[in-house]
Amino acid sequence: MFDDFFIRALIAGLGIALVTGPLGCFVVWRRLSYFGDTLAHSALLGVTLAYSFELNIALSVFIISSLIALILIQLQKKTNLPGDALLGLLAHSSLAVGLVVIGFLTFIRFDIMGLLFGDILAVTTDDLLIIWTGGAVILLVLKLIWKPLFASTVNYELAEAEGLNPDRAKAIFTILMAAVIAISIKMVGLLLITGMLIIPAAMARNISDSPQKMVLFSIIGGLLSVLLGLFSSLEFNTSSGPSIIMASLILFILSLLNIKQSIKLKN
Amino acid sequence: MSSENNTLVKLNNAGFKQNDKWLVEGVSLTVEKGKIVTLIGPNGSGKSTTAKIALGIYKNIEGSVEKYTNKVGYVPQKISIDWTLPLRVYDFMLLTENIKEEAIDEALTLTGVIHLKNKNLGNLSGGEFQRVLIARAISKKPELLVLDEPVQGVDYTGEIALYELIKRISETLNCGILLISHDLHTVMTATDHVVCLNGHVCCSGSPMDVAKNNEYKTLFGEQASQILSVYEHKHDHVHSDKGEIKKN
């Protein structure tokens, strides 16, 4: 019924949505959307390095994004600059370095649009393996650090006082962010990954009254966005990333209607 | 039982400096099982800082802290919770430890907020939230309770009931309590040991010793001497009839 590449894109997209759902909730709760952007921008450098040294793209992006996250933590400790300035500095300079390196790699033809906005044609069987095993590891680790991470998201001092080691959980979460960007870069594109993290979670916030429900709805929202987005991408020949993000935006708008209705019901 | 085994947390000449300014220095105190230690002092005297040193929240401290328990319940003075989180009272009760439903219900009942169990945390009043905070801290059945102004924003009758509850908990759970309170009356009647802070330890000892101390009197002025008379009145009773006063 469908071409192989489309089936692969569907399996890849659904796997990504399962991971971005819960991680996205933490990005919203901990106000990390700009942090996600910074890691995603630095991913371009990872991609170019992957081409230069013939590495796996996901692995290379994961290494570079983790490195940028580490540099950020060091800069936060050693300078008095505000966090958003440091994020901007790292995001744009790593993007710039990535673009300059691309300029030097004249012997490779780059599909820049595909890198920025995702390309469903690019998903290979190897990518599926990376997405699903990588995704399973990310979810498992997230489950293990859930308690300290969530407690310190609510209140850092309570978590620290009651012996949960929130600093370690935060560091591990940073690595998980780099990992989720690494596995979803081909599909969603580096400019739109943060949208994939935030929009389904934001939609879920509108219709949830407990953290567990928000995670669940965020996953469901992500899965629906991937389905809707990929089918419309196929139908209208649009880039996969923007199509998925637009689908999630539509779901977000619908969740706003839900809020209005429940307010009316209360009155 | 030797006193060593009963020690839950011990501060040795501890202090904390932030931006080259000492928030508090030279604090030595010990919290033991079944004992209530209270910190008093004016605003900015380092009470909350001392509590955070004892809890291990501040890492780069002067002196040392010896902590002999990991079962800790903490009621912070200020808590800013981000309302981007959908969080019910029930979810909050499970924040740092998975405790049984019955234990949650029991704690919420004790602090009088069981009817709020499924309410969103963001919709509570200040006093209600404070009761939830106390319930959360005691539901874990901790060995060490650190309560930083635990009854702020609670109505007067509720305040008395909650202090009675705190005292009862220290007895039934045999846990040590580090209490910060501005209510001198409570301090002087329900405490085993008082530490009076003013950037350093001004004086410390039994409530009676502290109440008689001159530095304490200058620090708290008129209010302090009133409390002293109340306390001395009770002190008379202790001599005549010990049992009855204990019930108080």
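The following exercises, each with a worked solution, concern a predicted model with chains A and B.

**Exercise 1. Confidence**

Determine which elements of chain A and chain B have the lowest and the highest mean pLDDT.

*Solution.* Begin with the overall scores: the model has an ipTM of 0.84 and a pTM of 0.86. Chain A has an average pLDDT of 90, and 96% of its residues score at least 70. Within chain A, helix H11 (residues 240-266) has the lowest confidence, with a mean of 81, and H6(A) the highest, at 95. Turn next to chain B, where the average pLDDT is 84 and 88% of the residues score at least 70. Among the elements of chain B, the lowest mean, 42, belongs to helix H10 (residues 242-247), and the highest, 95, to helix H3 (residues 89-93). Finally, consider residues 233-248 of chain B: pLDDT stays under 50 throughout, and the model has five contacts for them beyond four places in sequence. Where pLDDT is low, predicted coordinates should not be read in detail.

**Exercise 2. The open sheet of chain B**

Describe the sheet that contains S1, S2 and S4 of chain B, and explain why S2(B) and S4(B) each have a side without a neighbour.

*Solution.* First establish the order, which is S2-S1-S4 in an open sheet of three strands with antiparallel pairing. Strands S2 (21-32) and S4 (62-67) of chain B are therefore at the edges; each has a single partner strand, so one of its sides lacks a neighbour in the sheet. Neighbouring strands are turned against each other by 15° on average, direction ignored.

Next examine one pairing: strand S1 (residues 7-18) of chain B is joined to S2(B) by eight bridges, and the two run antiparallel. Within this pairing, Ala14(B) has Val27(B) in S2(B) as its bridge partner.

Last, place the helix. Helix H2 (residues 47-55) of chain B lies across S1, S2 and S4 of chain B and runs at about 120° to S1(B).

**Exercise 3. A parallel pair in chain B**

State how S5(B) pairs with S6(B), and which way the residues of S5(B) point.

*Solution.* Strand S5 (residues 72-75) of chain B pairs with strand S6 (residues 144-148) of chain B over four bridges, in the parallel sense. Val75(B) stands opposite Leu147(B) in S6(B). As for direction, Val72(B) and Tyr74(B) point one way from S5(B), while Gly73(B) and Val75(B) point the other way; all are buried.

**Exercise 4. The largest nonpolar core**

Identify the members of the largest nonpolar core that touch the most other members, and explain why Val61(A) counts as buried.

*Solution.* The core has 148 residues, of which Ala43(A), Val61(A), Ile181(A) and Val146(B) touch the most other members. Helix H8 (residues 166-188) of chain A gives the most to this core, 13 residues.

Now take Val61(A), which is found in helix H3 (residues 57-78) of chain A. Val61(A) counts as buried because it has 30 C-beta neighbours inside 10 Å, the threshold being 20 or more. Leaving aside residues up to four places away in sequence, Val61(A) touches Ala43(A), Gly46(A), Val47(A), Ile181(A), Ala182(A) and Ile185(A). The C-alpha atoms of Val61(A) and Val47(A) are 6.0 Å apart, although 14 residues separate the two along the chain. With the same sequence exclusion, the residues touched by Ala43(A) include Val61(A), Ile64(A) and Leu190(A).

**Exercise 5. The contact between the chains**

Characterise the side of chain A that touches chain B by element and by residue class.

*Solution.* In total, 20 residues of chain A are in contact with 19 residues of chain B. Two or more residues come from each of helix H1 (4-29), helix H6 (125-154), helix H7 (156-161) and helix H10 (211-236) of chain A. H7(A) gives the largest share, five residues. By class, this side has ten nonpolar, five polar and five charged residues.

Note on methods
Residues are numbered from 1 along each chain as its sequence is written. Chains are lettered from A and ligands numbered from 1 in the order in which they are written. This is a predicted model: local features need pLDDT of at least 70, side-chain atom pairs count only at pLDDT 80 or more; totals for chains, interfaces and linings use all residues. Two strands pair if DSSP finds at least two bridges between them. Axes are lines fitted to C-alpha atoms, for helices over the stretch in contact, and angles run from 0 to 180 degrees between N-to-C directions. Two residues are in contact if their C-beta atoms, placed from the backbone, lie within 7 Å. pLDDT is the predictor's confidence in each residue, from 0 to 100. Ala, Val, Leu, Ile, Met, Phe, Trp, Tyr, Cys and Pro count as nonpolar, Asp, Glu, Lys and Arg as charged, and the others, Gly among them, as polar. A nonpolar core is a set of buried Ala, Val, Leu, Ile, Met, Phe, Trp, Tyr and Cys residues joined through C-beta atoms within 7 Å. A residue is buried if 20 or more other C-beta atoms lie within 10 Å of its own, exposed if 12 or fewer, and partly exposed in between; C-beta atoms are placed from the backbone.
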